[in-house]
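Please open the model in your viewer and keep the selection panel at hand. The stops below are arranged so that each selection leads to the next.

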Amino acid sequence: MKPPILEMNGIFKSFNGIPVLKDVDFSVKQGEIHALMGGNGAGKSTLMKILTGVYSADRGEVKLDDNVVAIRNYEDARSNGISMIFQEFSLIPTLTVAQNIYLTRESKTSLGLLDDKANEKKAAKLLAELGVDIQPSDLVQDLGVGYWQMTEIAKALSQEAKILIMDEPTSSLTKTETEVLFTFMNKLKAKGYAIIYISHRMDEIFRVCDRITIMRDGRKISTSQISETSMDQVITDIVGVASGKAFEWVERPYDEAGEPAFEVRELTAGDKVRQVSLRIQPGEIVGIAGLMGSGRTELLRAIFGIDRIHSGEIYVRGRRCAIRNPSDAIAAGIALIPEDRRVQGLVLQHSVRDNMILPILAKVRRGPLLDGKKMNELSRELVKRLNIKTDSISKASNLLSGGNQQKIVLAKWLANHPEVLLLDEPTIGVDIGAKTEIVDIIRELAESGKAILVVSSELQELLALSDRVLIMHEGRMGKSMKRQDIESEEGLQYAIQGY
Ligand SMILES: Nc1ncnc2c1ncn2[C@@H]1O[C@H](COP(=O)(O)OP(=O)(O)OP(=O)(O)O)[C@@H](O)[C@H]1O
Ligand SMILES: [Mg+2]
């Protein structure tokens, strides 16, 4: 057995007197992919921020190759071979791959000018070694997001990184990009690098990781070999109790014959959506399946007035609505929960409460004043219902964990009781426990007669939710299938692929 190259022992950290990490032990070996899992707010990102010098621990030590090291900032982490792989944010899109990799450390010509040729040569060698199929002279902005991450990784490795940290790297990747990334990770592993991999996607963890550490409420619960544990065991460790609740579709009666609650006729919009028609009955949940790029997200964006509508009609409860922008859509009773919620759905500096109340200001107005008490009551209720982990409703949203920020956006729109709810990947980044809660809340909303349209690439989730599944292909609406006629995930997959 290889000795660990990294050990974190007894890490304790609190913010404003509230402990977030409680004596956590964590170790990583050379050449392993080590999964770090746990519910939203369990402390995963904070532990990694201590490892990279963003925060300093109140207690505990970090050892590399058996020597205690002090990591006071990101520079310290990097010089110790620890690198965080950020998603796209840290690259400069208008520069080439080579320029990004060697940014601030470029080779210079004898005149002190940047020597692009020399940098490109070095980058080409590095990329070839890593088996990454991109050209050093390519502009980063011309590459798919998946390759941005590989450029990031190449950059880290060029700085002698030995331990790579990836915090939910696949949440913005397509299925194909994810596959490319996994192949790449396996190559890195074979070369002896260690990878710490944070994700809420169970199937990914079981495919690519060697060991798994699970955290709950700031404590380490377990570390095991993937080959010696099971999904059930992992879920139990994450949630804390054996989860009896199944992710299953339940047939609910709804008015199938009456007037539709929502209808789209021959909608052509943006540069993707072509002549799409669909109807949703009151109380019905309709799922949209399709390959990446089939136009699902674009359809929701068009209905919500973000992408320009060229032709077609939209009806809410039989009333035709002219939608030119999101305000028109909101006024018509339509809400969109976007895919990239942290960016699109939140004012990060604002408090949890203010973010939740934003779309329902009218409801908490008392004469010219806002009813503070009512605002507090409403937001506390939502925090409780969605199990949002925050010590106070006045905490700034950017201080919450990633998954809990997602929940705020959900809460915000649920509080508004929209007639028509459009959901794009509703449980991305959300932990297992909250997933089932969110599914329940969506069902409850449907039961109160709302129309619900869900896009999800997790087929299991789509099947758990939908009363009917529509398949989109290249911007057009294809087959419509009743849920009871879909026998299995494979059946749906087949319908999507074999369209
Ligand atoms: N700077 C901060 N100030 C106050 N509280 C913080 C700060 N950073 C993190 N926290 C709190 O620490 C807890 C752990 O957060 P962390 O981001 O580590 O969770 P996580 O396990 O990464 O969750 P997720 O899966 O949702 O990303 C949360 O309750 C969060 O609100
Ligand atoms: Mg996190």
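The tour begins at the ligand and then visits three individual residues.

**Stop 1: the ligand and its shell**

The model on display is predicted. Select ligand 1 and expand the selection to its surroundings: 20 residues surround it, and the closest are Gly-41, Lys-44, Thr-46, Ser-401 and Gly-403. Colouring this shell by class gives six nonpolar, 11 polar and three charged residues.

Next, display the two helices H1 (44-51) and H14 (402-414), each of which supplies at least two residues of the shell. Then colour domain 1 (4-239) and domain 2 (245-497) separately; ligand 1 lies between them, because both domains give residues to the shell.

**Stop 2: polar atoms at the ligand**

Show side chains and draw distances from the ligand. Which side chains place an N or O atom at 2.9 Å or 2.8 Å from an oxygen atom of ligand 1? The side chain of Asn-40 does so at 2.9 Å, and that of Lys-44 at 2.8 Å. On a nitrogen atom of ligand 1, a polar side-chain atom of Lys-395 lies 2.9 Å away. The protein covers 93% of the 640 Å² of accessible area that ligand 1 has on its own.

**Stop 3: Ile-11**

Select Ile-11, which sits in strand E1 (residues 4-15). Its relative accessibility is 1%, so Ile-11 counts as buried. Beyond residues up to four places away in sequence, Ile-11 touches a set that includes Leu-21, Val-24, Leu-47, Ile-50, Ala-57 and Val-62. A distance drawn between the C-alpha atoms of Ile-11 and Val-62 reads 8.4 Å, although the two residues are 51 residues apart along the chain.

**Stop 4: Glu-204**

Move to helix H7 (residues 202-208) and pick Glu-204 within it. Is Glu-204 buried or exposed? Its relative accessibility is 5%, below the 20% limit, so Glu-204 counts as buried. With residues up to four places away in sequence set aside, Glu-204 touches Thr-170, Thr-178, Phe-182, Tyr-197, Ser-199 and Cys-209.

**Stop 5: Lys-450**

Finally, select the loop between helix H15 (432-447) and strand E20 (451-455), where Lys-450 is found. Lys-450 is buried, with a relative accessible area of 13%. Leaving aside neighbours within four places in sequence, Lys-450 is in contact with Gln-281, Pro-282, Gly-283 and Glu-284, and also with His-417, Pro-418, Glu-419 and Leu-445.

Note on methods
Residues numbered from 1 in each chain as written. Chains lettered and ligands numbered in written order. Predicted model: local features only at pLDDT ≥ 70, side-chain atom pairs only at ≥ 80, totals over all residues. Heavy atoms only, no water. Near = heavy atom within 4 Å. Polar contact = N/O pair within 3.5 Å; in protein donor to acceptor, adjacent residues only side chain to side chain. Areas by Shrake-Rupley, 256 points an atom, 1.4 Å probe, with all protein chains shown as cover. Helix = DSSP H or I, 4+ residues; strand = E, 2+ residues; numbered from the N terminus. Nonpolar A, V, L, I, M, F, W, Y, C, P; charged D, E, K, R; others polar. Domains from an automatic or database assignment. Buried < 20%, exposed > 50% of the residue type's maximum accessible area, 1.4 Å probe, protein only. Contact = heavy atoms within 4.5 Å.
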